[in-house]
Amino acid sequence: MNFISISQPSIGKKEIEYVTDAVQSGWVSSLGKYIDIFEENFANYCGTKYAVATSNGTTALHLALVALGVTREDEVIIPDLTFVATGSAIKYIGAKVVIVDVNEDNLCISPEAIRKAITSKTKAIIPVHLYGHPSDMEEINKIAKEYNIFVIEDAAEAHGAEVNGKKVGGLGDAGIFSFYGNKIITSGEGGMITTSDEELYNKMRYLRDHAMSKDKRYWHTEVGFNYRMTNLQAALGVAQFERIDEILAKKKKIFEWYQDALKDIKGIKLNHQASWAKNVYWMVCLELDEYSEFQRDEFIQKLKTKNIDSRPYFYPVSDMPMYDNTNTSITHKVYKKGLNVPSYFDITKEQVEYVCTEIKKIFENNIVEKIQDRDDNIKLMLGKKI
């Protein structure tokens, strides 16, 4: 079996056609028809009035925070289990990053933990829809309304996910998406902010382009950013977006292949889906019960010897030196035993079956090794007593 990568983009004829058209049009920078099309299509998909395309998901998050008026005097609540960019965007502003725990079943931010972390300085909450599963937005929005706090959905990994039939990206004051090469749809690099707030939309468009005056060219009234998406990126994004239903259907099918192959293996847990949620399975998750971080990493290395790529869960943000260490027991429990396995669009059922066969072999061999280690320890203890 050839090497099976953790992720790779699916690029077809339409993607090549649209990008070629953008190149030939001469509109290769931040103006061109594909940017407008991409923004309009994505807003409609998420059920919002507006969308603002950006250079990547991190700049999308930073732009949304700035436009909402978050300052260094404020606090922003995030989950401990997320990609580091969620916290980095807050750090750019100088605001305080308040890190809380996640729910063990869906790995998303705990509404109960949010409520306990709110202070008079809390300005926003950033729930992260991790690995394709949405956060409990109904409960989070109740809390935010009670305390008059902004909600920015970090939906970088969850294009098309739903909460009670409503798509993420339209469930807070703003939603941000990433179109990096390993995401559900890609524009190479790129991001998007969705919102139905017209004032916020206009502010973000203004700041995205160096805060240049609409009425007086090259006149700037405040410090803005160069966070624009190019027409080339948007052309790729438009073509990918036209396939999103096909891509999501395949993602679900891939998960079902894994689920069917591993369902009888005790000690292995796959992605959860809450009754109120639609999980889009951006990454297939594998949790190995009773594994330490070292044993999980060994498991990853053993898969690699079988030409199978995988990656560990994100490290807790609070463990990184830029942040205050936080007692998040669930995050620190699950990250050590979790990994993601290959689940890209073009993977075949045969490849998934091969991956699962090797997973079962390694897992079962490790159980045998644990039993042998236990027996050896017992014999050693008995020998010492004798």
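**Val66 and its surroundings**

With a relative accessibility of 24%, Val66 is classed as partly exposed, because buried is reserved for values under 20%. The model described here is predicted. Val66 belongs to helix H3. Leaving aside residues up to four places away in sequence, Val66 is in contact with Ile93, Leu207 and Phe225. One of these partners, Leu207, is 141 residues away from Val66 along the chain, yet their C-alpha atoms are separated by 8.8 Å. Two of the contacts of Val66 lead to the helices that pack against H3, and these are taken in turn.

Two packed helices are described by the angle between their axes and by the distance between those axes. For helix H3 (residues 57-67) and helix H7 (residues 198-208), the angle is about 120° and the axes are 9 Å apart. The two helices are therefore oblique to each other, since 65 to 115 degrees counts as roughly perpendicular and over 145 as roughly antiparallel. Their crossing is right-handed. On the side of H3 the contact is formed by Leu63, Ala64, Val66 and Ala67, and on the side of H7 by Leu200, Lys203, Met204, Leu207 and Arg208. Sorted by class, the residues of this contact comprise seven nonpolar, no polar and two charged.

Helix H3 also packs against helix H4 (residues 85-93), here at an angle of about 45° and again with the axes 9 Å apart. H3 and H4 are therefore oblique to each other as well, and H3 passes H4 in a right-handed crossing. The residues that H3 brings to this contact are Thr58, Leu61, His62, Leu65 and Val66, while H4 supplies Ala85, Thr86, Ala89, Ile90, Tyr92 and Ile93. By class there are eight nonpolar, three polar and no charged residues in the contact of H3 with H4. Val66 thus appears in the list for H7 and in the list for H4.

The description now turns to the strands. Strands of a sheet pair through backbone hydrogen bonds, in either a parallel or an antiparallel sense. Strand E2 (residues 75-79) is largely enclosed by the rest of the structure, because five of its five residues are buried. Glu75, Ile77 and Pro79 point one way from E2, Val76 and Ile78 point the other way, and all are buried. E2 runs parallel to strand E3 (residues 96-100), and five bridges join the two. Within this pairing, Ile77 has Val98 of E3 as its bridge partner.

An antiparallel arrangement is found elsewhere, in an open sheet of three strands with the order E7-E6-E11. Strand E7 (166-167) and strand E11 (277-278) stand at the edges; each has a single partner strand, so one side of each is left without a neighbour in the sheet. The pairing of strand E6 (residues 162-163) with E7 is antiparallel and extends over two bridges. There, Val163 stands opposite Lys166 in E7.

A final position to consider is Thr348, in the loop that lies between strand E14 (338-341) and helix H12 (349-385). Thr348 has a relative accessible area of 36% and is therefore partly exposed. In sequence, Thr348 and Ile254 are 94 residues apart, whereas in space they are 8.3 Å apart, C-alpha to C-alpha.

Methods:
Residues are numbered from 1 along each chain as its sequence is written. This is a predicted model: local features need pLDDT of at least 70, side-chain atom pairs count only at pLDDT 80 or more; totals for chains, interfaces and linings use all residues. Side-chain values use heavy atoms; hydrogens and water are left out. Helices (H or I, at least four residues) and strands (E, at least two) are DSSP runs, numbered from the N terminus. Buried means under 20% relative accessible area, exposed over 50%, partly exposed in between (1.4 Å probe, protein chains only). Two strands pair if DSSP finds at least two bridges between them. Axes are lines fitted to C-alpha atoms, for helices over the stretch in contact, and angles run from 0 to 180 degrees between N-to-C directions. Angles under 35 degrees count as roughly parallel, over 145 as roughly antiparallel, 65 to 115 as roughly perpendicular and the rest as oblique. A crossing is left-handed if the near helix is turned anticlockwise from the far one by less than a right angle, and right-handed if clockwise. Contact means heavy atoms within 4.5 Å. Ala, Val, Leu, Ile, Met, Phe, Trp, Tyr, Cys and Pro count as nonpolar, Asp, Glu, Lys and Arg as charged, and the others, Gly among them, as polar.
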